[in-house]
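Reader: I am in my first year and would like to look closely at one part of a structure before I try to take in the whole. Could you choose a part and walk me through it slowly, joining each detail to the next?

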Amino acid sequence: MNSSPSSVPNFFFTLSLATALAVLAGCNPKDGVREFADGMTAYEARSLEKAEKLFAKSLVYAPENVDALVMLARVKCDLGEMSDAGDTIAKAAALAPDAPDVALLDAEIALYAGDYARATSRFSGVANDEKLEAPARALGWTGLGIVEMTRDNRDLARIAFLTAIRLDRRNAPARYHLGLLYRGDKYSYLDAALEQFEIFVRLGETADPRAVHAQRTIIPGIKTDIARRAAERPGAQRRDANASAAALSRADAAWKKKNYKVAKSEYEAACKADVLSFPAALGLAKVCAATAATAADRQRALDCYKTACSLRPGSVSTFLAAGELATAVKQYATAVELYSRAVAADPSNISAIDGLIRSLRKTGDGKTADAYQRYRDTISAKKAK
């Protein structure tokens, strides 16, 4: 995944064409409004050079039109004229420093230039401005996530994207970038990535190149990777679903009677017959945990839980049980990963977030734990209302 500033898609522009066009009636033909409207039409048609000329002409008539300055800067960004874009947005910032569209584009240009401090400051200003509507603040958090993604801070990036989504569940850019983050090697959570890209496609415009690319290339690619991982599991080519189901039925019956020795033997048989059977893997993990008497027994139970987790990445309860066991045997780094996967499956699950925070502190990563705690506090506050 390329997360360099130059590859960051334009996701922060929020100017409303409807608002701009609403002032047309009764305007003086030399006030630049007509040129601005024509520039918007050209921009939406992706006639960038034409749009650039029209916005520039609009500013001849109305040099302090912030909307025109923002649009001219936006066009220059799209044309790759980043120095000119920076100069133009600076003029807009001088006139309306706190306007969200100005701040967001200013931050995007700063990110492109590698000025992370300014990008963070400008995105933060929007993200933390409680006077703004939630969707606007969500764009600020999305920008912060992209900054952290560019700097390879995987947890801070995820927290920012999750916060953006909590503010605005229809925030397509946050979904897209969270999908990129989960798909990349910093996480490699393919199922979670697939979910985010599928939501992104549903939210996006059908003609949006990003949505088209996600639907035609990214999503099929992830599905292929998931299928390949399953096929590469040792024993996957020798599956006997009927034998596994029969053994699983006997194992479940023995488990209910607390006949753990028989249950364990039958769960093992079910797993051997079908290495992709989640119920068999989970059953074996539970019986191993219930009968563990030594450190080796507890390690085997944990290994079985990890297998079950890998077979069904969306099972939060399985990850939580595995995380608790990893914590009990003081394998805190393993617990961090297990609770992290649980958060990916359910970002609002308090038990998963609390487990992740505790495990991070046990590994000595208090800074990241504090960041997740701040995210956790926003969930508590929201539930309390």
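**Tyrosine 182 and the cores**

Author: In this predicted model, tyrosine 182 touches Arg158, Tyr187, Ser188, Tyr189, Leu190, Ala192, Ala193, Gln196 and Ala344, once residues up to four places away in sequence are set aside. Tyr182 also has a place in the largest nonpolar core, which counts 91 residues, and there Tyr182 and Phe197 are the two that touch the most other members. Helix α11, which runs over residues 190-203, gives this core its largest share, namely 9 residues. As a general background, nonpolar side chains in soluble globular proteins tend to be buried together.

A second core, separate from that one, has 28 residues, and among them are Ala42, Leu48, Cys77 and Ala85. Cysteine 77 has a relative accessible area of 11%, and it counts as buried because the cut-off for that word is under 20%. A search of the whole structure finds 0 disulfides. Cysteine 309 is accordingly in no disulfide, and the nearest cysteine sulfur, which belongs to cysteine 304, is 11 Å away. Cysteine 309 is buried as well, with a relative accessible area of 2%.

From Cys77 we can turn to charged residues of helix α4, which covers residues 66-78. Lysine 76, in this helix, forms a salt bridge with glutamate 52, and the closest N and O atoms are 2.8 Å apart. Glutamate 52 sits in helix α3 (residues 48-61), so that the pair, 24 residues apart, links distant parts of the chain. Both glutamate 52 and lysine 76 are buried.

Arginine 74 and aspartate 78 offer another salt bridge, with 3.2 Å from N to O. These two residues are 4 residues apart in helix α4, which means that about one helical turn separates them. In general, an α-helix has 3.6 residues a turn, so residues three or four places apart point the same way. Arginine 74 is buried, with a relative accessible area of 2%, whereas aspartate 78 counts as partly exposed at 25%. Arg74 and Asp78 also belong to a network of salt bridges in which Arg46 and Glu108 are linked with them. In total, the structure holds 16 salt bridges.

One of the others joins the side chains of arginine 361 and aspartate 370, with 2.9 Å from N to O. Here arginine 361 is partly exposed, at a relative accessible area of 40%, and aspartate 370 is partly exposed too, at 34%.

How values were computed
Residues are numbered from 1 along each chain as its sequence is written. This is a predicted model: local features need pLDDT of at least 70, side-chain atom pairs count only at pLDDT 80 or more; totals for chains, interfaces and linings use all residues. Side-chain values use heavy atoms; hydrogens and water are left out. A disulfide is a pair of cysteine sulfur atoms within 2.5 Å. Buried means under 20% relative accessible area, exposed over 50%, partly exposed in between (1.4 Å probe, protein chains only). A nonpolar core is a set of buried Ala, Val, Leu, Ile, Met, Phe, Trp, Tyr and Cys residues joined through side-chain atoms within 4.5 Å. Contact means heavy atoms within 4.5 Å. A salt bridge is a side-chain nitrogen of Lys or Arg within 4 Å of a carboxyl oxygen of Asp or Glu.
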